[in-house]
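Welcome, and please load the model in your viewer. We will go from stop to stop, selecting a few residues each time and looking at what surrounds them.

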Amino acid sequence: MSSTPLKLLLAVLTALGFLTGCEGKHSNTMFPSVEISQLSSTKELAAYEGGKVTGAEFNRFLAVEGFLNPDAPLNDTSYRKELLRQLVMQKILISHLKTSDKVQKQVEDMWKQIKRSYDEDTRKQGYEVLNIRSSDVTNQLTNQFKLEEYFRKQIMSDELTAYYKRIENDLTRVSFTQLAFSTLHDAAAAAAELQKGTSLQDVQKKYADVQTVSKIENADNLKLSSLSPSFIDVLKKQHIGESSEPIKMGKVYYILILKQKDKKTESEVKEEMMKELVLNHINRYIQDQLPRFHVTFNLR
């Protein structure tokens with residue numbers, strides 16, 4: 001699991017990724033134990049306007065995270081601090097949120113996935129090691145899905161479209177033939193011949209004596225975003241079968257002939273974008289809104 005704050009903020013999404021990535025039931029899962037020496041039931045780990053987080057609450061929150069994601073570094077201080085911030089946010093918001101039919105269905109579906117991933121003995125082992133009950137898992141899943149629903153409702157279509165435009169190079173894959181020349185004169189001449197219909201093979205033969213680099217075998221099905229900016233600018237506008245004008249990179253002049261271009265549509269990646277934007281909204285809430293509640297943390 002990532003240790004960056006953004007990826008720690010919605011435990012249920014991480015859990016979904018972990019559990020849905022598992023095939024079949026697992027009987028040898030090693031659940032992490034939670035070191036609770038500083039998480040006594042009376043200790044106040046965080047306080048904010050209108051409430052607090054006790055050690056017992058946070059211990060249970062950590063334990064459920066460990067059940068959903070056995071790889072979670074539950075005893076890592078940085079990890080704990082980020083999850084404590086998440087729990088404070090959850091407590092502030094959750095009292096105003098209702099459990100919709102959609103959330104209830106998501107919790108039920110999640111439990112089906114848990115049972116497909118953990119057999120009954122493994123689940124019992126998890127409850128025993130982590131000192132939790134199935135109801136603790138259900139409650140936390142419900143809270144997390146309620147938070148997700150809350151932030152999803154804040155994401156409008158224009159935000160989705162703007163985000164899609166920012167990542168469209170990651171969603172586009174291209175295959176192309178690349179020719180390289182040491183001089184602009186040769187590159188321009190070859191480009192002119194290709195554009196008037198001369199075959200690639202004939203152009204390659206003609207310029208073999210000036211060490212033209214022919215087809216690059218690994219220029220197939222590449223992410224557009226992985227290429228140099230000058231190549232991206234050309235390939236985004238290019239049509240299948242077209243050859244480009246010479247592109248200078250360093251001391252070399254390149255001609256690109258586009259063979260294939262595939263770009264996922266906004267509707268195809270809507271759900272993935274929504275998940276990322278939910279995480280972005282949560283991160284912004286924690287960074288921008290939590291300070292308004294004058295939160296103090298006592299976790300060391």
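Before selecting anything, one term: buried means under 20% relative accessible area, exposed means over 50%, and partly exposed covers what lies in between, with a 1.4 Å probe and protein chains only. This is a predicted model, in which local features need pLDDT of at least 70, side-chain atom pairs count only at pLDDT 80 or more, and totals for chains, interfaces and linings use all residues. Residues are numbered from 1 along each chain as its sequence is written, and side-chain values use heavy atoms, with hydrogens and water left out.

**The whole chain**

Start with a cartoon view. The chain has twelve helices and seven strands; helices (H or I, at least four residues) and strands (E, at least two) are DSSP runs, numbered from the N terminus. Of the 300 residues, 45% are buried. Contact here means heavy atoms within 4.5 Å. Among contacts between residues at least 6 apart in sequence, 77% join residues at least 24 apart.

**Two asparagines with positive phi**

Select Asn221, in the loop between helix H10 (200-206) and strand S4 (222-223). Is Asn221 buried or partly exposed? With a relative accessibility of 46%, Asn221 counts as partly exposed. Its phi is near 55°, a positive value in a residue other than glycine. Most residues other than glycine have a negative phi.

Next, select Asn131, in the loop between helix H6 (120-130) and helix H7 (134-152). Phi of Asn131 is near 60°, again a positive value in a non-glycine residue. Asn131 is exposed, at 67% relative accessible area.

**Phe31 and its surroundings**

Now go to Phe31, in the loop between helix H2 (11-20) and strand S1 (44-48). Its relative accessible area is 8%, so Phe31 is buried. Which residues is Phe31 in contact with, leaving aside neighbours within four places in sequence? They are Gly66, Phe67, Pro70, Tyr118, Thr122, Gln125, Gly126, Val129 and Leu130. Try a distance label to Val129: the two C-alpha atoms are separated by 6.9 Å, although the residues are 98 apart along the chain.

**H3 against H6**

Keep Gly66 and Phe67 selected and show helix H3 (residues 55-68) with H6. Two packed helices are described by the angle between their axes and the distance between the axes. Axes are lines fitted to C-alpha atoms, for helices over the stretch in contact, and angles run from 0 to 180 degrees between N-to-C directions. H3 and H6 pack at an angle of about 150°, with their axes 10 Å apart. That makes H3 roughly antiparallel to H6; angles under 35 degrees count as roughly parallel, over 145 as roughly antiparallel, 65 to 115 as roughly perpendicular and the rest as oblique. Ala63, Gly66 and Phe67 in H3 meet Arg123, Gly126, Tyr127 and Leu130 in H6.

**H7 and its two partners**

Show H7 with helix H5 (residues 101-117). Their axes come within 9 Å and cross at roughly 130°, and H5 and H7 are therefore oblique to each other. To see the contact, select residues including Val107, Met110, Trp111 and Ile114 in H5, and Leu141, Phe145 and Arg152 in H7.

Then swap H5 for helix H12 (270-289). The axes of H7 and H12 come within 9 Å and cross at roughly 95°. That makes H7 roughly perpendicular to H12. Glu148, Phe151 and Arg152 in H7 meet Glu271, Met274, Val278, His281, Ile282 and Tyr285 in H12.

**The two sides of H8**

Leave H12 on screen and add H8. The buried residues of helix H8 (residues 157-167) are Leu160, Tyr163, Tyr164 and Ile167. Look down the axis of H8: these buried residues fall within an arc of 105°, so they line one face of the helix; the arc is that of the directions from the helix axis to the C-beta atoms. An α-helix has 3.6 residues a turn, so residues three or four places apart point the same way. The buried residues of H8 pack against strand S6 (252-263) and H12. Rotate the view, and the face of H8 turned away from its buried side shows the exposed residues Asp158, Lys165 and Arg166.

**Last stop: Ser182**

Finish at Ser182, in the loop between strand S3 (172-181) and helix H9 (184-195). Ser182 touches Lys251 and Tyr253, not counting residues up to four places away in sequence. The C-alpha atoms of Ser182 and Tyr254 are separated by 9.0 Å, with the two residues 72 apart along the chain.
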